[in-house]
Amino acid sequence: MTATCPYSPEDGARPPECDDRKSAELVSRKLVVGPEARVIGGFGLVRELLRSNLTRQAGVGADGEVVPDPTYTSVFFLDGDAHKRKRQAISQFFTPKAISTRYRVVMEETSDQLLGRLQAKGRGRLDEMSFELAVTVAAQIVGLTESDQSAMAKRIQATLVGVRLPQMAWWQKPFGRVLTLAHGLRFQIMDVGPAVKARRAEPRIDVISQLIEEGYSEQGILIECLTYAVAGMVTTREFIVMAAWHLFENDPLRERFLQAGEAEQIAILEEIMRIDPVVNVIARRTTSDADLADGSVEQGELLVLNLREANVDEAMVGECPHMLDPDRAKRRKINSYLSFGDGAHRCPGAQIALNETRVFLDRLLRVPGIRLQRRPDLDWTAELLSYELRNAVVVCDRP
């Protein structure tokens with residue numbers, strides 16, 4: 001399947017065939033940026049800012065006046081030397097070698113178990129299967145391996161009520177806090193505590209073992225585990241469902257995916273992620289004035305870097321930027337889009353997310369009689385400024 005652009009400048013407005021995005025209309029309605037922020041969407045300037053040292057984190061929990069203690073702060077909320085040191089410390093968990101030698105077998109075995117249950121029942125929900133897969137793989141990286149993975153996935157899902165607290169009505173927040181505390185305590189007792197105990201007795205190659213070595217308290221380890229849950233497990237779940245949706249509804253693309261080797265399958269997934277990224281924007285606060293190749297910034301500005309808009313910047317990605325074209329990156333000589341960020345804060349788990357998505361979908365689409373019976377419900381998570389996909393049902397032939 002090679003995309004052919006039906007548009008020419010003489011045609012005027014682009015025809016609908018040029019837009020393969022599934023989440024764009026929702027994001028255009030729901031993504032709201034405050035008037036104090038400056039939105040930047042050009043590919044060149046967004047990438048330059050992400051790669052520079054001219055900004056610091058300004059997302060949820062990262063734009064306060066008090067500088068956090070880097071010793072006990074997640075790598076996701078650090079900048080500068082503290083971020084560099086902690087990033088280097090965790091890099092061993094995200095290397096190609098780690099994926100091939102430690103995580104690939106987990107991806108394959110978990111996918112086979114999930115699809116075995118699917119075939120036995122004849123139907124299943126993509127968001128539930130993808131979340132259990134994402135949790136199981138991330139658990140290997142973090143070290144949450146001393147409890148039942150399927151049950152842990154449900155407990156982690158329950159703890160995520162905490163990210164919705166800022167959007168709750170005043171009368172709902174007390175109940176939300178109690179629920180968040182209760183679910184967090186259950187996750188601590190059932191999953192984090194046993195993992196910490198096992199690794200104090202016998203350290204392993206995972207995040208919890210490293211945190212113990214660095215002197216983290218159990219509360220600090222719990223917060224780190226929950227941060228990984230939001231940053232990795234949740235986003236991977238959404239992308240697996242989004243990629244499956246595209247492949248189920250595009251017969252030539254699905255056929256090409258099934259016939260392709262691993263590298264080409266990854267390229268297809270990256271192109272899907274380009275037009276329907278899970279992470280839409282990244283907030284940054286500038287630390288100094290600067291004149292850059294593609295624009296300028298002033299010290300103290302709150303910048304909202306629009307990754308979704310940058311990924312469809314026609315000056316970078318070429319004509320029909322909203323069209324799904326797996327050959328685009330190779331043709332345009334683009335090494336990487338911005339769906340996983342860029343620079344020092346580029347998502348460390350990007351290749352893990354792409355590989356587990358590839359492994360699962362390659363197996364899913366080969367299940368006899370597999371078909372999408374019900375499209376996913378497309379909703380919005382204001383706390384994460386991201387879409388979420390629920391209730392997609394697939395059915396297949398039963399043995």
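At 48% relative accessibility, Arg29 counts as partly exposed, a class that lies between buried, under 20% relative accessible area, and exposed, over 50%, with a 1.4 Å probe and protein chains only. Its partner Glu25 is also partly exposed at 48%, and the two side chains form a salt bridge with the closest N and O atoms 2.7 Å apart, where a salt bridge denotes a side-chain nitrogen of Lys or Arg within 4 Å of a carboxyl oxygen of Asp or Glu. Both residues belong to helix α1 (residues 24-30), four residues apart, about one turn of the helix; helices (H or I, at least four residues) and strands (E, at least two) are DSSP runs numbered from the N terminus. The model is predicted, so that local features need pLDDT of at least 70 and side-chain atom pairs count only at pLDDT 80 or more, whereas totals for chains, interfaces and linings use all residues. Residues are numbered from 1 along each chain as its sequence is written, and side-chain values use heavy atoms, with hydrogens and water left out.

By the same salt-bridge rule the count comes to 27. Among them, Arg21 and Asp19 meet at 2.8 Å, N to O, with Arg21 partly exposed at 24% relative accessible area and Asp19 partly exposed at 32%. A further salt bridge joins the side chains of Glu249 and Arg375 at 2.5 Å, N to O. Because Glu249 lies in the loop between α9 and α10 (251-259) and Arg375 in the loop between β8 (371-374) and β9 (377-381), this pair ties together parts that are 126 residues apart in sequence. Glu249 is partly exposed at 32% relative accessibility, whereas Arg375 is exposed at 52%. Salt bridges that share partners also join Glu146, Arg199, Arg204 and Asp206 into one network.

Trp245, in helix α9 (residues 218-248), is buried, with a relative accessible area of 7%; Trp245 and Leu372 are 127 residues apart in sequence, while their C-alpha atoms are 7.9 Å apart in space.

Two residues that are not glycine have a positive phi, namely Lys333 at about 55° and Asn391 at about 70°. Lys333 occupies the loop between α14 (328-332) and α15 and is exposed at 71% relative accessibility, whereas Asn391 is found in the loop between β10 (386-390) and β11 (393-395) and is partly exposed, with a relative accessible area of 27%.
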